[in-house]
Amino acid sequence: EEDDEASIETLSAMIGKGINWNEPTNNLEAEGNYITQPLSGVISGVVAEDGTNLLTVRTTDGTTYQVKTGSITSVYEIA
């Protein structure tokens, strides 16, 4: 499922942009899927972890998340 892996260069070009993504939670729904929580923040960096490239994203309350490219719903320019 990671065959659409974005390169470090592609992700690095996104630093400073706004992002919306679905953050997995530890809560399961009836079907056994993890419930995701829509979040938004600013991309502050890129990290490679176990062969997967992740975005470091900081939300307005200062929390930092490592976001998989597959959970991104949109990326936008910050005005």
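Two strands count as paired if DSSP finds at least two bridges between them. With that in hand, here is a friendly tour of this predicted model, starting with a single contact: Val47 has Leu54 in strand S3 as its bridge partner. That contact belongs to an open sheet of five strands, ordered S4-S3-S2-S1-S5 and paired in the antiparallel sense. Beyond the sheet, the points below cover an aromatic pair, a salt bridge and a nonpolar surface patch.

**The sheet as a whole**

- Strands S4 and S5 stand at the edges with a single partner strand each, so one side of each has no neighbour in the sheet.
- From one strand to the next, the twist averages 45°.

**S1 and S2**

- S1 and strand S2 (residues 34-49) run antiparallel and are joined by eight bridges.
- Two places to look along this pairing are Glu23, which stands opposite Gln37 in S2, and Asn20, which stands opposite Ser40 in S2.
- The hairpin of S1 and S2 has five residues between the strands, and Gly32 takes a positive phi near 90° there.

**S2 and S3**

- Seven bridges hold the antiparallel pairing of S2 and S3, and the Val47 and Leu54 partners mentioned at the start are a good place to find it on screen.
- Two residues lie between the strands in the hairpin of S2 and S3, where Asp50 has a positive phi near 50°.
- Strand S3 (residues 52-58) is largely enclosed by the rest of the structure, because six of its seven residues are buried.

**S3 and S4**

- S3 and S4 are also antiparallel, with five bridges in their pairing.
- Val57 stands opposite Tyr65 in S4, and Tyr65 will come up again with the aromatic pair.
- In the hairpin of S3 and S4, five residues lie between the strands and Gly62 takes a positive phi near 90°.

**S1 and S5**

- The antiparallel pairing of S1 and S5 runs over four bridges.
- Here Trp21 stands opposite Ile72 in S5.

**The aromatic pair**

- The model has one aromatic pair.
- Trp21 and Tyr65 form this pair in an edge-to-face arrangement, with 5.4 Å centre to centre and 65° between the planes.
- Trp21 lies in strand S1 (residues 18-28) and Tyr65 in strand S4 (residues 64-68), so the pair ties together parts that are 44 residues apart in sequence.
- Trp21 has a relative accessible area of 0%, so this residue counts as buried.

**The salt bridge**

- The structure holds one salt bridge.
- Its partners are Lys17 and Glu77, whose closest N and O atoms are 2.3 Å apart.
- This pair links distant parts of the chain, 60 residues apart: Lys17 is in the loop between helix H1 (8-12) and S1, and Glu77 is in the segment after strand S5 (72-76).
- Glu77 is exposed, with a relative accessible area of 59%.

**The nonpolar surface patch**

- Val42, Tyr76 and Ile78 make a nonpolar surface patch of about 230 Å².
- Within this patch, Tyr76 has its place in strand S5.
- Tyr76 counts as partly exposed because its relative accessibility is 34%, and the partly exposed class runs between the 20% and 50% cut-offs.

Key:
Residues are numbered from 1 along each chain as its sequence is written. This is a predicted model: local features need pLDDT of at least 70, side-chain atom pairs count only at pLDDT 80 or more; totals for chains, interfaces and linings use all residues. Side-chain values use heavy atoms; hydrogens and water are left out. Rings of Phe, Tyr and Trp (its six-membered ring) pair if their centres lie within 6.5 Å; planes under 30 degrees apart count as stacked, over 60 as edge-to-face and the rest as tilted. Buried means under 20% relative accessible area, exposed over 50%, partly exposed in between (1.4 Å probe, protein chains only). A salt bridge is a side-chain nitrogen of Lys or Arg within 4 Å of a carboxyl oxygen of Asp or Glu. Axes are lines fitted to C-alpha atoms, for helices over the stretch in contact, and angles run from 0 to 180 degrees between N-to-C directions. Patches are made of residues with over 30% relative accessible area and no salt bridge: like charges are joined within 9 Å, nonpolar side chains (Val, Leu, Ile, Met, Phe, Trp, Tyr) within 5 Å. Accessible areas come from the Shrake-Rupley method with a 1.4 Å probe; for residues, only the protein chains shown count as cover.
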